[in-house]
Amino acid sequence: SQTLRNKKTVVLRTELPATEGRSLVFTRLNATALTARVDGRLVHRIGDHENATANIWNSMVVIPLDDSISDSRVLELTLSSHQILAMVLQPSIEESAAADRRQANHMLLYSNMVVFFMGASVMIGIILIGLSTIRRPRRTDGNLLGMSGIFIAIYAADFTFRSSTGTIEVYNALKHIIISSGYLGTFTFLAGLDLQANGRFRAARYMAVPSLAAFLMILFAPTVGVMHRWLPW
């Protein structure tokens, strides 16, 4: 796994074991372009290695292999990235049915469930803001808690499976908005609880400055790679 300052392309080669499995499986893969060849034959391509047109993020890719490919198979994998390049687990060959089940489970846990809770968080946030607005006197704590639900729903988009989000400029802009929303969601949630419990801002006053600093740092990081290097601070 590497955090990059500039665009980088790497070519990896390995020998695939002889097996009856006919699906090539990649998990925990982060890149902006992928090309897979088996015995010199192109079997799959995502994105463009010259221009960042794909966003392969923490994803699982299942590639069906042609039966005509011999058992002595050599995998050549070309990966490109402008920001983060990672392949945490080595690719494997699996039976097609087992690979399809794993991919379905991956989609359920990392995409469908996250999207479901994102929708629930947005609905709860809208309801809280609506109830706080129509009540007299208006409840600022409810507005803050409602806003936190919406911000956290935006932040949760970072955990969903996605293979393409357009150009690198669009990816950078979306990533900045998504990550900064996580900090805003945390601050508004704790500020709402603080106001609800104490009737005024106590702890939130001390949290405001570091939260604002973190938000501005993320928002104005020039690239996603720089942002990831700054995040530990």
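In the predicted model, residue D39 is found in the loop that runs between strand β4 (33–38) and strand β5 (41–46). Although D39 is not a glycine, its phi is positive, at about 55°. The relative accessibility of D39 is 32%, and the residue therefore counts as partly exposed.

The ionic contacts between side chains were considered next. The structure holds three salt bridges. In one of these, R13 is paired with E76, and the closest N and O atoms are 3.0 Å apart. Because R13 lies in strand β2 (residues 8–16) while E76 lies in strand β7 (residues 73–81), the pair ties together parts that are 63 residues apart in sequence. The two partners fall into separate classes of accessibility: R13, at 59% relative accessibility, counts as exposed, the cut-off for that class being over 50%, whereas E76, at 23%, counts as partly exposed.

A further salt bridge joins R102 to E94, with a separation of 2.4 Å between the closest N and O atoms. Here R102 has a relative accessibility of 35% and counts as partly exposed, while E94, with a relative accessible area of 15%, is buried, since the term applies to values under 20%. R102 falls within the residue range of helix α1 (residues 96–134), the helix whose packing is described below.

The side chains of K175 and D158 also meet in a salt bridge, at 2.5 Å from N to O. K175 belongs to helix α3 (residues 168–198) and D158 to the loop between α2 and α3, so that this pair ties together parts that are 17 residues apart in sequence. Both residues of this bridge are classed as buried, K175 at 2% relative accessibility and D158 at 8%.

The arrangement of the helices was then examined, beginning with α1 and α2. Two packed helices are described by the angle between their axes and by the distance between the axes. Helix α1 (residues 96–134) packs with helix α2 (residues 140–156) at an angle of about 160°, and their axes lie 7 Å apart. This angle makes α1 roughly antiparallel to α2, a description reserved for angles over 145 degrees. The crossing in which α1 passes α2 is left-handed.

On the α1 side, the contact is made by V114, M118, S121, V122, G125, I126, L128, I129, S132 and T133, which meet G142, N143, L145, G146, M147, G149, I150, A153 and A156 of α2. By residue class, the contact of α1 with α2 comprises 11 nonpolar and eight polar residues, and no charged residue takes part. Glycine is counted among the polar residues in this division, and the contact includes G125 of α1 as well as G142, G146 and G149 of α2.

Helix α2 also packs with α3, the helix that contains K175. The axes of α2 and α3 come within 7 Å and cross at roughly 155°, which means that α2 is roughly antiparallel to α3. The crossing of α2 and α3 is left-handed. The residues in the contact of α2 with α3 divide into 15 nonpolar, nine polar and one charged.

Definitions and conventions: Residues numbered from 1 in each chain as written. Predicted model: local features only at pLDDT ≥ 70, side-chain atom pairs only at ≥ 80, totals over all residues. Heavy atoms only, no water. Axes fitted to C-alpha atoms, helices over the stretch in contact; angles between N-to-C directions. Helix = DSSP H or I, 4+ residues; strand = E, 2+ residues; numbered from the N terminus. Parallel < 35°, antiparallel > 145°, perpendicular 65-115°, else oblique. Left-handed = near helix turned anticlockwise from the far one by under 90°. Contact = heavy atoms within 4.5 Å. Salt bridge = Lys/Arg side-chain N within 4 Å of Asp/Glu carboxyl O. Buried < 20%, exposed > 50% of the residue type's maximum accessible area, 1.4 Å probe, protein only.
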